Amino acid sequence: MAVRNLWLTILLSANHKPNKWQGMVIKAGQFVTSLQGLSDRSGLSVQSVRTALKKLQSTGEISVKSTNKNTLIT
């Protein structure tokens, strides 16, 4: 259920058109967030978000690029 909740949160959060954010172009289908931000939006714990992201990555549903400040989800 956690994976489904996070998947829906990701789908609803993704950009519908390209945007600029801190000098980066964020394409349609992508968005920048943090683990805490996803946790707040989805109502899941940070650990549940991490686990669900790993499952969605392993099935090829999403790709995640993380830095020390933010996470780009495609």
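Here is a friendly conversation about a predicted model and the reasoning behind some of the words used for it.

Biologist: Let's start with Ser 39; where does Ser 39 lie?

Modeller: Ser 39 sits in helix α2, which spans residues 35–42.

Biologist: What makes Ser 39 count as buried?

Modeller: Its relative accessible area is 9%, and buried means under 20%, so Ser 39 qualifies.

Biologist: And which residues is Ser 39 in contact with, leaving aside neighbours within four places in sequence?

Modeller: Those are Leu 44, Ser 45, Val 46 and Val 49. A contact here means heavy atoms within 4.5 Å.

Biologist: Which residues of α2 are buried?

Modeller: Leu 38, Ser 39 and Ser 42 are.

Biologist: How do you know that the buried residues of α2 line one face of the helix?

Modeller: Looking down the axis of α2, they fall within an arc of 105 degrees, so they line one face. Their cover includes α1, β3 (31–33), α3 and β5 (71–73). Just after α2 comes Gly 43, with a positive phi of about 80 degrees.

Biologist: Now for the helix pair. Why are α1 and α3 called roughly perpendicular?

Modeller: The axes of α1 (residues 2–13) and α3 (residues 46–58) cross at roughly 80 degrees. Roughly perpendicular covers 65 to 115 degrees, so the pair earns that description. The two axes come within 9 Å.

Biologist: Which residues make that contact?

Modeller: From α1 there are Ala 2, Val 3, Leu 6, Trp 7 and Ile 10, and from α3 there are Val 49, Ala 52, Leu 53, Lys 55 and Leu 56.

Biologist: How many residues of each class does the contact of α1 with α3 have?

Modeller: By class, 9 are nonpolar, no residue is polar and 1 is charged. Lys 55 is in the contact, and Lys counts as charged.

Biologist: What makes up the largest nonpolar core?

Modeller: There are 12 residues in all, namely Leu 6, Ile 10, Ala 14, Phe 31, Leu 38, Leu 44, Val 49, Ala 52, Leu 53, Leu 56, Ile 62 and Ile 73. Both α1 and α3 supply at least two residues of this core, and α3 gives the most, with 4.

Biologist: Which residues does Ala 14 touch, not counting residues up to four places away in sequence?

Modeller: Ala 14 touches Gly 29, Gln 30 and Phe 31.

Biologist: And in which strand is Val 32 found?

Modeller: Val 32 is in strand β3. With the same sequence exclusion, Val 32 touches Trp 21, Ile 26, Asn 70, Thr 71 and Leu 72.

Technical notes: Residues numbered from 1 in each chain as written. Predicted model: local features only at pLDDT ≥ 70, side-chain atom pairs only at ≥ 80, totals over all residues. Heavy atoms only, no water. Buried < 20%, exposed > 50% of the residue type's maximum accessible area, 1.4 Å probe, protein only. Axes fitted to C-alpha atoms, helices over the stretch in contact; angles between N-to-C directions. Parallel < 35°, antiparallel > 145°, perpendicular 65-115°, else oblique. Core = buried A, V, L, I, M, F, W, Y, C linked by side-chain atoms within 4.5 Å. Arc of directions from axis to C-beta.
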